[in-house]
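Open the model in your viewer and keep the selection tool ready. This tour goes from the paired chains to the DNA.

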2 protein chains.
Amino acid sequence: MTSATRPPVPDAELLRLDHQVCFSLHAASRAFGGVYRDALKDLGLTYPQYLVMLVLWEHGSQPVKAIGERLRLDSGTLSPLLKRLESAALVRRERSTEDERSVTIHLTPAGDELREAALPVPRRMLAATGLTIEELRTLQGLLGRVTSALDTA
Amino acid sequence: MTSATRPPVPDAELLRLDHQVCFSLHAASRAFGGVYRDALKDLGLTYPQYLVMLVLWEHGSQPVKAIGERLRLDSGTLSPLLKRLESAALVRRERSTEDERSVTIHLTPAGDELREAALPVPRRMLAATGLTIEELRTLQGLLGRVTSALDTA
DNA sequence: CACATTTAAATTGTGCGCAACTCGATTGCG
DNA sequence: CGCAATCGAGTTGCGCACAATTTAAATGTG
C-alpha cells in the first residue's frame, strides 16, 4: 500500500480527481433528492422532513436539540421545517417544564400512522441506486470517513 | 456474486443500510460544502459559483445552456447565480446574434485572473478528505454509478 | 406563407442550509 | 446572592435547487 508499489500520480490528475469527486458527490446528492422527491410525493414530505420523521418513528419524542444533533441540522433549518410538519398535523410541539428553553417534538396520531405509508420507500430507493449490498457498504464507509475528516478540518 | 455464496441479508438491515447511505450522502455533501465555504471565502465565491467558474476556466466562453448541461443545473438556478457573478464583475453576458434566444457567458479579465487565486483550492480540499487516491477513485466510481442509475430511475 | 411546436433564458414561489442575531432561561463563578 | 456567560429555540437574510410559468425566438409542418 506504499506509494513505491505504484507509479506516482501526476499532480494534474490528482487535482482533477478531487474536482470530480466533489462534483460527483454534489451530483449524487441531488440525484438522490430527485428520486426521493418522487418517492415521498404521495406522503407530502420532502427528504429533510422525511429524515426528521424517521428520527421520531425510531426514537420517539425528542427535543429539537436532539433531532438536530442526529441530523446535523441547526435551529435555523429545523424551526421552520418543524413548523411545516406541525401545520401538516404530523407533529406537535411542547415546551418542556423542567427546562423552559427546550421544546420537545411529539408525533401526532397522523404522524404515527404515516409510518405505514412510508414503509415501501427505502426498498424503492435501494432498487433505484443499482448497487449491490457490498457496494453500498463500501460507499457508506467511504462517505462516513470523508464526512468525519471534513468535519474536523 | 450470486446470493447463494453468502448468507442472506435480513430485510431490516437492508432497509437500515439504505437509510444510512442516503443520510451519509446528504451529510457528506454538506460537509464538503462547509469546507469549500472556507476555502472559497477569500475568493468571494460559493461552491456552485466556483463550479461555474471552473467550467469557464477550462472550456472558455459558454452559452448558459452548455454550462447547465455540464453541471446539471437549470436556468432557474443559473440565471440568478450568473447575475451575481456578473455583479461581482467576474463574468459578462452577451446575447448571441445568430440565435437571439441564447446568452453566452464570457469571463472578464478579473474572472480570468481569479483562476490564479483558485489554484490552491483543490489541493486543500483533497487533503481535507483524508482519503487515499485509490479510495477517492473507488468513491467517485460508486457515486458515478449511483447517479446515473438514479437519473434513469 | 401561416400557425403550432419547440427551445433558451428568465421569473416566481417554495423549501433547505447556514451564518448572524435576538430573546428568554439556565448555569456558573466571584 | 448577583451578574456574566452559556444555552435552546426562533428569526432574518442570503444563496442554491427545483417545479411551474412566461416571453421571445427559432423551427417545423401543412
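**The two copies**

Start with chains A and B. A turn of 180 degrees with a shift of 0.0 Å along the axis lays chain B on chain A, with an RMSD of 0.1 Å. Copies are superposed by least squares on the C-alpha atoms of residues with pLDDT of at least 70 in both. That is the relation of a two-fold axis. Both copies use the same surface: 100% of the contact residues of chain B recur in chain A.

This is a predicted model: local features need pLDDT of at least 70, side-chain atom pairs count only at pLDDT 80 or more, and totals for chains, interfaces and linings use all residues. Residues are numbered from 1 along each chain as its sequence is written, while chains are lettered from A and ligands numbered from 1 in the order in which they are written.

**Where the chains meet**

Select the contacts next (C-beta atoms, placed from the backbone, within 7 Å). Here 47 residues of chain B are in contact with 47 residues of chain A. On the chain B side, H1, H2 (47–59), H6 (120–129) and H7 (133–152) each supply at least two residues. Helices are DSSP runs of H or I, at least four residues, numbered from the N terminus. H1(B) gives the largest share, 19 residues. By class, this side has 29 nonpolar, 12 polar and 6 charged residues.

**DNA strand C**

Now select the residues near DNA strand C (C-beta atom, placed from the backbone, within 6 Å). There are 27 of them, and A:Gly76, A:Glu100, B:Lys65, B:Ser75 and B:Gly76 are the closest. H4(A) supplies the largest share, 5 residues.

Terms used:
Two residues are in contact if their C-beta atoms, placed from the backbone, lie within 7 Å. Ala, Val, Leu, Ile, Met, Phe, Trp, Tyr, Cys and Pro count as nonpolar, Asp, Glu, Lys and Arg as charged, and the others, Gly among them, as polar.
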